[in-house]
Structures are given as structure tokens and as C-alpha cells.
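Got the model open in your viewer? Keep the selection box handy and let's take a walk through it together.

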Amino acid sequence: MIPQNRTQQVLPKNISSTMLDKMVDGREFESLLNYQYQNLNLIDELRKSIAELVVIRQRPVVCYVANVVKPRSSSISIEDSDDLPFNEMIASLPADCKKIDIVLVTPGGFAHQVAKFVNKLRPRFDEIGFILLNKAMSAGTIFIMAGDEIIMTNQSQIGPVDPQVRTNTGDFVPAQAILTLIEEFRIRGEEMMKKGQQPPWTDLQILRGIDPKEIGNAMNASNYSIQMVEEYLYNHKFKNWTIHSDGITAVTDTEKKNRANEIAKMLCEHSKWKNHGHAITREAAWDVCKLKISHAENTVGLDRAMRRMWALFYWVFENSTLSKVFISENYCIMRNDSQGEQKK
């Protein structure tokens, strides 16, 4: 880990203070490039940005932000080693705090670690908001389904939750891609056999090369992702969904369960999104998935504060070897990936 008093050591020399004051609205990132900063206290800069969100949202804000700008290793993913710093960051909040916002930027990672995060958060907090500055993909998308509110700007994105599984070659592929391919072979084979013909030779050769364990792992992983999304939506995101958009008709428990199941299956459907890295915008989240998203610009000052924070993180990641940041008003751990390991 990088101690707070050594944060400057991972940044270019002769850079510093105060960056937020230099930002120009609409050109936040570009405006940071026109200055040479001296004696930069990066933690103070980030906390000033956090303070802007706290004033607007009137609740504590914690940041769990990975370097998706210049990723150098898989350590930017949600992984087991994140458990302790994340839990410490949450534990550092006042004991009577019942509402929290989580700034999340992640390319994805392990769903089982997301489950551990949620199991820590939901028993403690009555309301959880997720603030998406940029990407919250794959396992990150599963994570935000456990929130009461999802806040996005016009540059934020979520992604399909179809999990990645390891093949017998050691490569990772989307589980749903395997299952979709097998289903295509099944349909094509049955059609050929109805005509008295043999299934295509190429299909048979590909099937022989697939380890049955891969199919089982793909099915289990997909079902796990679907189950998590469905459970989180029903228990958390939909818990206060009582009236339909007409303002009159009551929402039934069955409707909540059905909608949660529909969204979960759609987000895990490879044939729908074609690519595990497909970017789902806030408009697509609502229009296609029927998932309610809060637009940052509908709250005075929020869109600006989010753009400013993302420009600051973007600049930091471009000008440092940081891979991941856990930071709040009174907690900070930064992981440095310059040598493929954490500095202590």
C-alpha cells in the first residue's frame, strides 16, 4: 500500500495544488493540462471533490475507483484482496450513518466478492446510492443492482453480466458465448436430422473439443449471475417500488419478481449484447432493460461535481502508476502497480 504521506512519489515531479480551482466547466480535463502544479496533495484534492458530492447529496461518500484509463494489470478488477480495505473504509463511517453513496468505477471482476460487499453493506445501511462516473461493468453492474439508486451522467455505462469462464486452453471466454454456440448447434443439428441428414461435420468437431466441465461451469456461472441480479433488484432496488408510472396502479410482489427476473436474464443474454464489453448507456438501461436510472443533471450541481471528479481521477491515472483507489473523507488506500505489486 502507499501511505498517505508517500502519495506524491507515484506522481510526476513538480506537480500540484489546487486542481479543482483550475477546472473549466465543460473542459474539466483539458483545463488541468495547462498548469504545472507544485506540492500536490493528491488526497486533499480527491477529498475536496468528495466534499462537493457530500454537500449535494447530504450523505457520506466513499470511492472505490479502478484505473480503467491506463490499465496495466488485472489488479484493477474486483477481487478478493479488495475485501479488507473496502470493509475498513465502510467501517470508518460514523456508527449512526444509515445512508451512503458509493462512487464506483470498475471493469468488473469476481461476482463472489461483490456478494461479500453487499452482505457487508445492506444490513447496515437503509439507503445506498451508486454514483457512476464512467464504467461499472460486469460484476460492477451486478454490484449496483444492490443499491436503492443508480446515478449516471451521459458518459457513464454499465455492461452485460454474463460471466467469464476459463476454457481448457487457459483462456477466459464469456460463459454465455459457449452456451449460445451449443444451442445454435443443437437447433441446426435437429433441423438437419429431421431432413434425414447428419449434423454439420464442423459443428460436431467443435463440440468434441469442448470439455463438458466447461459447459457445466458456464451454466453454473450464468445462473449465479442471474440469481444475484434478480435477488438484489427484488430485495433492494425495487423495495420502494410500490406504484406504477401512471401514479395510480399498485405494484404487486409478483410484478417485482417478474421484472427482476426479466432484467437479470436480459443482462446475462450474450445473444442480446453480442460482446461482454458492450457499453449499456443510461438510456439503454431504461429503454431496453426497463431499469430506472437517475440522471445526474436532474439534481442541481451533481452532474458538474461528477464530471469534475472523473476529470480529476482521469488525470491522476494518466499521470501515475495507481491501479485502484479506496478513499473517503477519513480513509485512504491507494494501490500502485508500477512494478506489478503493491508498495508498502
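Here is a tour with stops to select one after another.

Before you click anything, know that this is a predicted model, where local features need pLDDT of at least 70, side-chain atom pairs count only at pLDDT 80 or more, and totals for chains, interfaces and linings use all residues. Residues are numbered from 1 along each chain as its sequence is written, and side-chain values use heavy atoms, with hydrogens and water left out.

**Stop 1: helix α3**

Select residues 42-57, which make up helix α3. Helices here are DSSP runs of H or I with at least four residues, strands are runs of E with at least two, and both are numbered from the N terminus. With 16 residues at 1.5 Å each, α3 should span 22 Å, and its end C-alpha atoms are 23 Å apart, which agrees. (The expected span is 1.5 Å times one less than the number of residues.)

Now colour the buried residues of α3, among them Leu42, Ile43, Leu46, Ile50, Leu53 and Val54. Buried means under 20% relative accessible area, exposed means over 50%, and partly exposed is in between, using a 1.4 Å probe and protein chains only. Charged names turn up in that buried list too, including Glu45, Arg47 and Arg57.

Step just past the helix to glutamine 58, in the loop between α3 and β1. Its phi is near 60°, a positive value in a residue other than glycine. Is glutamine 58 buried or exposed? Glutamine 58 is exposed, at a relative accessible area of 64%.

**Stop 2: strands β1, β9 and β10**

Next, select residues 322-328, strand β9. Seven of its seven residues are buried, so the strand is mostly covered. Add β1 (residues 61-66): four bridges join it to β9, and the two run antiparallel. Strands count as paired if DSSP finds at least two bridges between them.

Then add β10 (residues 331-336), which is joined to β9 by six bridges, again antiparallel. β9 and β10 form a hairpin with two residues between them. Which residue should you click to see both pairings? Try lysine 324 in β9: it is the bridge partner of alanine 66, and its own partner in β10 is arginine 335.

While you have strands on screen, remember that in a regular strand the side chains alternate between the two faces of the sheet.

**Stop 3: β3, α6 and β4**

Select residues 127-136 for β3 and 149-152 for β4, which run parallel and are joined by four bridges. Phenylalanine 130 has isoleucine 150 in β4 as its bridge partner. Bring in α6, and you have a right-handed β-α-β unit; right-handed means that, with the strands pointing away from the viewer, the path from the first strand over the helix to the second runs clockwise.

Click the loops on either side of α6. Serine 138 sits in the one between β3 and α6, with a positive phi near 50°, and is buried at a relative accessible area of 10%. Alanine 146 sits in the loop between α6 and β4 and counts as buried at 3% relative accessibility. Show lysine 237 as well: its C-alpha atom is 6.2 Å from that of alanine 146, though they are 91 residues apart along the chain.

From β4, carry on to β8 (residues 294-295), which runs parallel to β4 with two bridges between them. There, serine 294 stands opposite isoleucine 151.

**Stop 4: the aromatic rings**

How many aromatic pairs does the structure hold? It holds 11. Rings of Phe, Tyr and Trp (its six-membered ring) pair if their centres lie within 6.5 Å; planes under 30 degrees apart count as stacked, over 60 as edge-to-face and the rest as tilted. Phenylalanine 117 and phenylalanine 143 have ring centres 5.5 Å apart and planes at 35°, so this pair is tilted. Phenylalanine 117 lies in helix α5 (residues 111-121) and phenylalanine 143 in α6 (residues 139-144), so the pair ties together parts that are 26 residues apart in sequence. Phenylalanine 117 is buried at 0% relative accessible area, and phenylalanine 143 is buried at 0% as well.

Widen the selection to Tyr64, Phe86, Phe117, Phe130, Phe143 and Phe326, which form one aromatic cluster.

**Stop 5: helix α10**

Finish with residues 253-267, helix α10. Its buried residues include Lys256, Ala260, Ile263, Ala264 and Leu267. They cover an arc of only 100° around the axis, which puts them on the same side of α10; the arc is taken from the directions from the helix axis to the C-beta atoms.
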